[in-house]
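Work through the exercises below with the sequence and the model open side by side. Try each task before reading its solution.

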Amino acid sequence: MKRIASLFILICLLICLFASCNVQDASETTEASTDASTERATDEPTEAPTEAPTEKEKMTVKKILALFDDKVYFKQIYTQEMIATIREKLVLKGDILTVVHVIDLKTETDPRPWAYVYEFSLEEDAVAFEENRREFVDATEENGSCVRCGNIVIYGSSPTIATIEAE
């Protein structure tokens, strides 16, 4: 009985595989025939389609944190309770979704390079926060920087921040 069931499943998988290949071949044939009939319908030479400008991939907290080398930087992801404490001190229309504190544990000089990554639910909150943090960093950090990527703000003294492209 087990052999029959296994054989039946194998046959079903093979049928599905062949069916999917045939559907793909049919769609390619249909596209080719449509293109050929369009060319016959017009006597004008066809131009090669121009490529649409590619959009940058949207920056995410995960992608930003990947820029900070795990062998050098320690990343502390704040809990919801910690974020709520910060939220109380700010005037926001939306919420803070994520806060991550990143600190360089390998550098021997003081102060150690650091960064904060804040993700907001609304981009207008991120814009206002970026302005505030940029003033703070400019006033307190010799080599500090602040970057905003959509609704994410990254600021601090880490040189990695300078490699992040602002949106």
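The exercises go from the overall layout to the sheet, the helices and the rings.

The model is predicted: local features need pLDDT of at least 70, side-chain atom pairs count only at pLDDT 80 or more, and totals for chains, interfaces and linings use all residues. Residues are numbered from 1 along each chain as its sequence is written, and side-chain values use heavy atoms, with hydrogens and water left out.

**Exercise 1. Take stock of the chain.**

Task: list the helices and strands in order, then describe burial and surface.

Solution.
- Step 1. Use DSSP runs numbered from the N terminus: helices are H or I with at least four residues, strands are E with at least two.
- Step 2. The protein chain has four helices and five strands. From the N terminus on they run α-α-β-α-β-β-α-β-β.
- Step 3. Apply the burial cut-offs: buried is under 20% relative accessible area, exposed is over 50%, and partly exposed lies in between (1.4 Å probe, protein chains only). Of the 167 residues, 29% are buried.
- Step 4. Turn to the surface, with areas from the Shrake-Rupley method and a 1.4 Å probe, where for residues only the protein chains shown count as cover. The chain exposes about 12300 Å², and carbon and sulfur atoms supply 57% of it.
- Step 5. Check the contacts, meaning heavy atoms within 4.5 Å. Among those between residues at least 6 apart in sequence, 52% join residues at least 24 apart.

**Exercise 2. Build the sheet.**

Task: work out the strand order and explain why strand 1 and strand 4 stand at the edges.

Solution.
- Step 1. Strands of a sheet pair through backbone hydrogen bonds, either parallel or antiparallel. Here two strands count as paired if DSSP finds at least two bridges between them.
- Step 2. The five strands form an open sheet in the order 1-2-3-5-4, with antiparallel pairing.
- Step 3. Strand 1 (73-77) and strand 4 (145-149) each have a single partner strand, so one side of each lacks a neighbour in the sheet.
- Step 4. Neighbouring strands are turned by 15 degrees against each other on average, direction ignored. Axes are lines fitted to C-alpha atoms, for helices over the stretch in contact, and angles run from 0 to 180 degrees between N-to-C directions.
- Step 5. Now fix the register. Strand 1 and strand 2 (residues 96-104) share five bridges, and Tyr-73 faces Asp-104 in strand 2. Strand 3 and strand 5 also pair over five bridges, with Ala-115 opposite Gly-156.

**Exercise 3. Follow the hairpin.**

Task: which residues of strand 4 and strand 5 point each way, and are they buried or exposed?

Solution.
- Step 1. Strand 4 and strand 5 form a hairpin with two residues between them, and Gly-150 in the turn has a positive phi of about 65 degrees.
- Step 2. The two strands pair over five bridges. Arg-148 has Val-153 as its bridge partner, and Cys-146 has Tyr-155.
- Step 3. From strand 4, Ser-145, Val-147 and Cys-149 point one way, Cys-146 and Arg-148 the other, and all are buried.
- Step 4. From strand 5, Ile-152, Ile-154 and Gly-156 point one way, Val-153 and Tyr-155 the other, and all are buried.

**Exercise 4. Lay the helices on the strands.**

Task: which strands does helix 3 lie across, and which does helix 4?

Solution.
- Step 1. Helix 3 (residues 80-89) lies across strand 1, strand 2 and strand 3 (114-120), at about 100 degrees to strand 2.
- Step 2. Helix 4 (residues 123-140) lies across strand 3, strand 4 and strand 5 (152-156), at about 10 degrees to strand 5.
- Step 3. Zoom in on Glu-130 in helix 4. Its relative accessible area is 14%, so Glu-130 is buried.
- Step 4. Leaving out residues up to four places away in sequence, Glu-130 touches Cys-146, Arg-148 and Val-153.

**Exercise 5. Find the ring pairs.**

Task: how many aromatic pairs are there, and which rings join into a cluster?

Solution.
- Step 1. Rings of Phe, Tyr and Trp (its six-membered ring) pair if their centres lie within 6.5 Å; planes under 30 degrees apart are stacked, over 60 edge-to-face, the rest tilted.
- Step 2. The count comes to eleven aromatic pairs. One of them, Phe-68 with Tyr-73, is edge-to-face at 5.1 Å centre to centre and 85 degrees between the planes. Both residues are buried.
- Step 3. Trp-114 and Tyr-116 are also edge-to-face, at 5.8 Å and 70 degrees. Trp-114 is buried at 14% relative accessibility, and Tyr-116 at 18%.
- Step 4. Ring pairs link Tyr-78, Trp-114, Tyr-116, Tyr-118, Phe-120, Phe-129 and Tyr-155 into a cluster.
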